Amino acid sequence: MSASTRIPPIAQPFVSDRAKKTLDLVEEFVEKDCVPADAVFSAELGEGEKRWQTTPVVMEQLKEKAKKLGLWNMFLPKNHFKQGAGYSNVEYGLMAELLGKSKIASEATNNAAPDTGNMEVLAKYGNDAQKQEWLVPLLDGKIRSAFLMTEPDVASSDATNIELNIRREGNEYVLNGSKWWSSGAGDPRCKIYLVMGKSDPNNKDTYRQQSVVLVPAGLPGINVHRMLNVYGYDDAPHGHGHITFTNVRIPVANMVLGEGRGFEIIQGRLGPGRIHHAMRTIGAAEKALEWLIARVNDDRKKTFGQPLSSHGVIIEWIAKSRIEVDAARLVVLNAAIKIDQGDAKSALKEIAQAKVLVPQTALTIIDRAVQAYGAAGVCQDTPLAYLWAGIRTLRIADGPDEVHLAQLGRRENRDRKDAVVAKLKWQREESDRLLLAAGFKAKSHL
Ligand SMILES: Cc1cc2nc3c(=O)[nH]c(=O)nc-3n(C[C@H](O)[C@H](O)[C@H](O)COP(=O)(O)OP(=O)(O)OC[C@H]3O[C@@H](n4cnc5c(N)ncnc54)[C@H](O)[C@@H]3O)c2cc1C
């Protein structure tokens, strides 16, 4: 069954014939070209310091092939941008799921974070000169980028805490401060940082103190002084940088949208980006389920004389995983449809639901697959350990679960409490009235 024939019925009316054809092409490209090349990419990176200076040849070969197949920049939704491949969010969502089955497929098709979010920022908020200088080469896959918001010295899930100072001096801004978890900053092709800092720290409106500026990588005063590991994985050559800024000077023309507009920009940036991660994570969950099924049907490795698949508990793992991944996919596609029908702002609730639910679901499924493999599941012989480490970070990155849950819970409570309390009161009173009319005693209620 090809990918286009597996589209959930709820999403089918929103997927064009053109997108269905592309979806099948993406599946073939991912399963036949990218997944087998994942190991080649790792081998070409090699060991030690070399890992940070190498662009694996296989990546450039895959990019060439993807471009020829028309599998390029599918993430930029047609309703909101003219520079993309002309698909909606829900159409891209189905494609991104497939990309999530390979380590390298997203970059090979120029749909990789953080470039996707950064390209959206430049396309949406950049002026013509900024677009020409940075958006054009990013869209072409010639350079890469990083988004620098999180800081080591403050709790960055509350972005009003951000401290990096952006001070105007004549025709320049001067930047001082430090950032960490700057994903992508390790790549030698990373040429531009989108940096969020405070340009007006004393503004009474705490949401107007921040700005986003464009900072070319490698300027004097920038020091990428270490790369951070994720559960021991370095994610080279992409990496997660800890970077300091000491009197870094940029022209005032590098301000995006205007001073004090930083919050507006990060909110615009994170909406679709959060959903892209969720979409790819569905693919990772499917991959874990495939590996689980492969292990429990491996005739060479029987326990107590039987293949693992003949044990009831294992069959139950498969069933539960199927239910959970199918349910999570519907939540993601629902959020994508909601964005398509309005914009990311009108779909905040649905985006948050997907952002919280999908990584938790995928982690449960990956954990079952690890368990089925025994010790092999935690080592480098399956993709499961790396998948788990990467997806575990999604419960923190782009805002921790607790922040999204607090916002979701507050909104649900605020929007529903009056109507719910009034409805239940009315139902109790109506019930009493009907009981009395029928000759019974009225019930006592809470
Ligand atoms: C792999 C990875 C890649 C990343 N890439 C980037 C990147 O490219 N650019 C970038 O700028 N950042 C990036 N980050 C950083 C990420 O966005 C932040 O780590 C995240 O926003 C949380 O900020 P913090 O680490 O400062 O945690 P803190 O703000 O210190 O929060 C710590 C914990 O407090 C709890 N908490 C917070 N708020 C509440 C609340 N309201 N109620 C209850 N509990 C709460 C949560 O459990 C949270 O995990 C990345 C992180 C990871 C792990």
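In this predicted model, the centres of domain 1 and domain 3 sit 18 Å apart, taken over C-alpha atoms. Their contact draws on 18 residues from domain 1 and 19 residues from domain 3. On the domain 1 side of that contact, helix H3 (residues 89-99) is the biggest giver, with seven residues. That side is made up of ten nonpolar, six polar and two charged residues.

H3 is worth a further look. The helix is mostly covered, with eleven of its eleven residues buried. Charged names turn up in that buried list too, including Glu91 and Glu97. Also on it are Asn89, Tyr92, Gly93 and Met95.

Now for the overall layout. The domain assignment splits the chain into domain 1 (3-112), domain 2 (146-256) and domain 3 (264-399). UniProt, in an unreviewed entry, has its own bounds: "domain: Acyl-CoA dehydrogenase/oxidase N-terminal" goes at residues 22-142. Over residues 22-142 the chain is 62% helix and 0% strand, with 23 Å between the end C-alpha atoms. A second feature from UniProt, again from an unreviewed entry, is "domain: Acyl-CoA oxidase/dehydrogenase middle", covering residues 146-248. There the make-up is 0% helix and 50% strand, and the end C-alpha atoms are 17 Å apart.

Next, the ligand. Which residues come nearest among the 22 around the ligand? They are Met149, Ala155, Ser157, Ser183 and Glu402. Three elements give two or more residues to this shell: strand E1 (144-148), strand E3 (172-183) and helix H11 (401-437). By type, the shell divides into twelve nonpolar, eight polar and two charged residues. Domain 2 (146-256) and domain 3 (264-399) each supply at least three of the shell residues.

Strand E3 has something else to offer if you like checking backbone angles. Trp181 lies in this strand and has a positive phi of about 60 degrees, although it is not a glycine. Trp181 counts as buried because it has 22 C-beta neighbours inside 10 Å, and the cut-off for buried is 20 or more. Asn247 is another residue other than glycine with a positive phi, here near 45 degrees. Asn247 sits in strand E7, and is exposed because 11 other C-beta atoms lie within 10 Å.

There are cis peptide bonds to note as well. One runs from Ala113 to Pro114, with omega near 0 degrees, and Pro114 is in the loop between helix H4 (105-108) and helix H5 (115-125). Another runs from Ala236 to Pro237, also with omega near 0 degrees. Pro237 belongs to the loop between strand E6 (222-227) and strand E7 (240-251).

On to the packing. The largest nonpolar core has 105 residues, and the members that touch the most others are Val195, Ala288, Val332, Ile366, Ala369 and Leu384. Take Leu384: leaving out residues up to four places away in sequence, Leu384 touches Ala288, Trp291, Ile366, Ala369, Val370, Tyr373 and Gly377.

Helix H9 (residues 348-373) holds Val356, and Asp367 is found in H9 too. Is Val356 buried or exposed? Val356 counts as buried because it has 23 C-beta neighbours inside 10 Å. Asp367, by contrast, is partly exposed because its count inside 10 Å is 15. Beyond its neighbours within four places in sequence, Val356 is in contact with Asp401, His404 and Leu405. Those residues fall within the range of helix H11 (401-437), which also gives residues to the ligand shell. Val356 and Leu408 are 52 residues apart in sequence and 10 Å apart in space, C-alpha to C-alpha. For Asp367 and Gly86, 281 residues apart along the chain, the C-alpha separation is 37 Å.

Here are the burial counts for the residues picked out above.

| Residue | C-beta atoms within 10 Å | State |
|---|---|---|
| Val356 | 23 neighbours | buried |
| Trp181 | 22 neighbours | buried |
| Asp367 | 15 neighbours | partly exposed |
| Asn247 | 11 neighbours | exposed |

Terms used
Residues numbered from 1 in each chain as written. Predicted model: local features only at pLDDT ≥ 70, side-chain atom pairs only at ≥ 80, totals over all residues. Domains from an automatic or database assignment. Contact = placed C-beta atoms within 7 Å. Helix = DSSP H or I, 4+ residues; strand = E, 2+ residues; numbered from the N terminus. UniProt positions renumbered as here; feature names shortened; annotations may be inferred. Core = buried A, V, L, I, M, F, W, Y, C linked by C-beta atoms within 7 Å. Buried ≥ 20, exposed ≤ 12 C-beta atoms within 10 Å, placed from the backbone. Near = placed C-beta within 6 Å.
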